[in-house]
Amino acid sequence: LPFIMLLVVAAFIVAFVLLLYMISPLISPKPLKLNGAHVVVTGGSSGIGKSIAVECYRQGAFITLVARDEEKLLRAKKEVEKYAINDKQVVLCVSVDVSSDYTQVENVIKQAQEKLGPVDMLINCAGTSISAKFEEMEVERFKEMIELNYLGSVYPTRAVITTMKERRMGRIMFVSSQAGQIGLFGYTAYSASKFALRGLAEALQMEVKPYNIYVTLAFPPDTDTPLLAEENKSKPLETKLISETSGVWQPDQVAKIFVRDAVQGNFNSSVGPDGYMLSALTCGMSPVTSITEGLQQIVTMGLFRSIALFYLGSFDSIVRRCMIQREQSKEAD
Ligand SMILES: NC(=O)c1ccc[n+]([C@@H]2O[C@H](COP(=O)([O-])OP(=O)(O)OC[C@H]3O[C@@H](n4cnc5c(N)ncnc54)[C@H](OP(=O)(O)O)[C@@H]3O)[C@@H](O)[C@H]2O)c1
């Protein structure tokens, strides 16, 4: 009898989970239509931001590219325009430093809205990175990271949020990093600035959800962009060896996933199996946009934590090995 009871309970649980999976799409946000939408992409003149602009443009969006260098902006505009799907589409370029003066950012966003209409989707992708040992990092760098990677996302968001709330619709993406999910050797300044985006994104999502505005926190892995090439020039050996344990992605692969998740209104957006595991592991109290996602997190958390402990052990041993090698070569000298 106990065995039959057990079977019945198991059958109920399976049926309940299946039911949740089936109704999950019904309670998820309605996808945003990109055709005809106005999408603002900060950092849109290069790398991941440019690929996101292309992905949105090929789905019929109107694009505002935001960055500082005007020549780079114009080159990116020409590239994005190749992917038009109708002759009404426009790519607008706006040159501004998103991290220094809020009033300036607010003014340029206002001008862009006057030309292309209210912003339907804001992609905060402008950012930079630096990798060095904590004590070797110039103190100024800590401030720069917070200014660009954190405030550079706060300012454009602040400039669009009131209109989005009035219209009761919108999407906001913050481009963080896998280094915004785990703190790794060499990223004391960078990780802190990207972790800050998580607090911002979670708190903002709770404020704006009743207004039908959805926030996406995107976690790119190492992606083949000018920024990664620059960072690689001065990466400490430890950071290089740890990074090599996962691969390098192309910006258009990453952009496709991020745009899909923002359109769906998903809070977490991650790339590849490592990204999936990290997002489930670090979900904490972050919002879920579907029951499916919540169930997956509940089921996988313990297993992923066990795998993560192996990763952490191997990263620690890389760091220890490098330290011993350095000390030995010092002694030999
Ligand atoms: N590539 C990776 O491996 C990787 C991994 C994880 C996370 N990420 C994140 O992804 C985002 C994009 O990185 P990416 O690799 O695509 O970099 P990227 O190719 O160097 O592009 C950075 C973009 O941001 C703009 N920008 C930089 N500072 C700015 C400022 N103060 N004001 C306005 N625009 C500014 C740049 O144009 P201007 O210089 O002309 O202003 C450029 O358009 C960053 O937030 C980065 O942290 C990248």
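## A walk through the predicted model

Four bridges tie strand β4 (residues 121-124) to β5, and the two run parallel. Keep in mind as you look around that this is a predicted model. One pairing to pick out is Asn124, whose bridge partner in β5 is Phe174. Strand β5 itself spans residues 170-175, and because six of its six residues are buried, the rest of the structure largely encloses it. You can see this on either side of the strand: Gly170, Ile172 and Phe174 point one way, Arg171, Met173 and Val175 point the other way, and all are buried. That pattern fits a simple rule, since side chains in a regular strand alternate between the two faces of the sheet.

Just before β5 comes a loop worth a click. Arg168 sits in the loop between α5 and β5, and it has a positive phi of about 50 degrees despite not being a glycine. Arg168 counts as exposed because there are 11 other C-beta atoms within 10 Å, and the cut-off for exposed is 12 or fewer. Asn212 is another non-glycine residue with a positive phi, here about 65 degrees. Asn212 belongs to the loop between α6 (188-208) and β6. With 16 other C-beta atoms within 10 Å, Asn212 comes out as partly exposed.

Now move to another pair of strands, β1 and β2. Five bridges join β1 to strand β2 (residues 62-67), and these strands run parallel. Along the pairing, His38 stands opposite Phe62 in β2, while Val41 has Leu65 as its bridge partner in β2. β1 is mostly covered, with five of its five residues buried. On one side you find His38, Val40 and Thr42, on the other Val39 and Val41, and all of these are buried. β2 is largely enclosed by the rest of the structure, because six of its six residues are buried. Its two faces are both covered: Phe62, Thr64 and Val66 lie on one side, with Ile63, Leu65 and Ala67 on the other.

Some of those names come back when you look for the nonpolar core. The largest one has 68 residues, and Val41, Ile52, Ile63 and Leu65 have the most contacts inside it. Helix α5 gives this core its largest share, seven residues. As general background, nonpolar side chains in soluble globular proteins tend to be buried together. Val41 is a handy place to zoom in: not counting residues up to four places away in sequence, it touches Gly49, Ile52, Ala53, Ile63, Leu65, Val66, Ile123 and Cys125.

What does the loop ahead of β1 hold? Asn35 lies there, between α1 (2-27) and β1 (38-42). Asn35 is exposed because 11 other C-beta atoms lie within 10 Å. Leaving out neighbours within four places in sequence, Asn35 is in contact with Gln59 and Gly60. Asn268 is 233 residues away from Asn35 in sequence, and their C-alpha atoms are 23 Å apart in space.

Which residues surround the ligand most closely? The shell has 30 residues, and the closest are Gly43, Gly47, Asp69, Gly127 and Leu227. Helices α2 (47-57), α5 (139-167) and α7 (226-233) each supply at least two residues of that shell. Sorted by class, the shell has 11 nonpolar, 14 polar and five charged residues.

Right before α7, have a look at Thr225, which is found in the loop between β6 (213-219) and α7. Thr225 counts as buried because it has 22 C-beta neighbours inside 10 Å, where 20 or more is the cut-off. Beyond its neighbours within four places in sequence, Thr225 is in contact with Ser46, Gly47, Ile48 and Pro251. Gly47 was also named among the closest residues to the ligand. Thr225 and Gly272 are 47 residues apart along the chain, with 18 Å between their C-alpha atoms.

Finally, here is what the UniProt record adds. Its unreviewed entry lists "domain: Ketoreductase" for residues 37-222. In the model, that span is 47% helix and 18% strand, and its end C-alpha atoms lie 29 Å apart. The unreviewed entry also carries the annotation "transmembrane region" for residues 6-23. Over residues 6-23 the chain is 100% helix and 0% strand, with the end C-alpha atoms 26 Å apart.

Terms used
Residues are numbered from 1 along each chain as its sequence is written. This is a predicted model: local features need pLDDT of at least 70, side-chain atom pairs count only at pLDDT 80 or more; totals for chains, interfaces and linings use all residues. A residue is near a molecule or strand if its C-beta atom, placed from the backbone, lies within 6 Å of it. Ala, Val, Leu, Ile, Met, Phe, Trp, Tyr, Cys and Pro count as nonpolar, Asp, Glu, Lys and Arg as charged, and the others, Gly among them, as polar. UniProt positions are given in the numbering used here, feature names are shortened, and annotations may be inferred rather than shown by experiment. A nonpolar core is a set of buried Ala, Val, Leu, Ile, Met, Phe, Trp, Tyr and Cys residues joined through C-beta atoms within 7 Å. Two residues are in contact if their C-beta atoms, placed from the backbone, lie within 7 Å. Two strands pair if DSSP finds at least two bridges between them.
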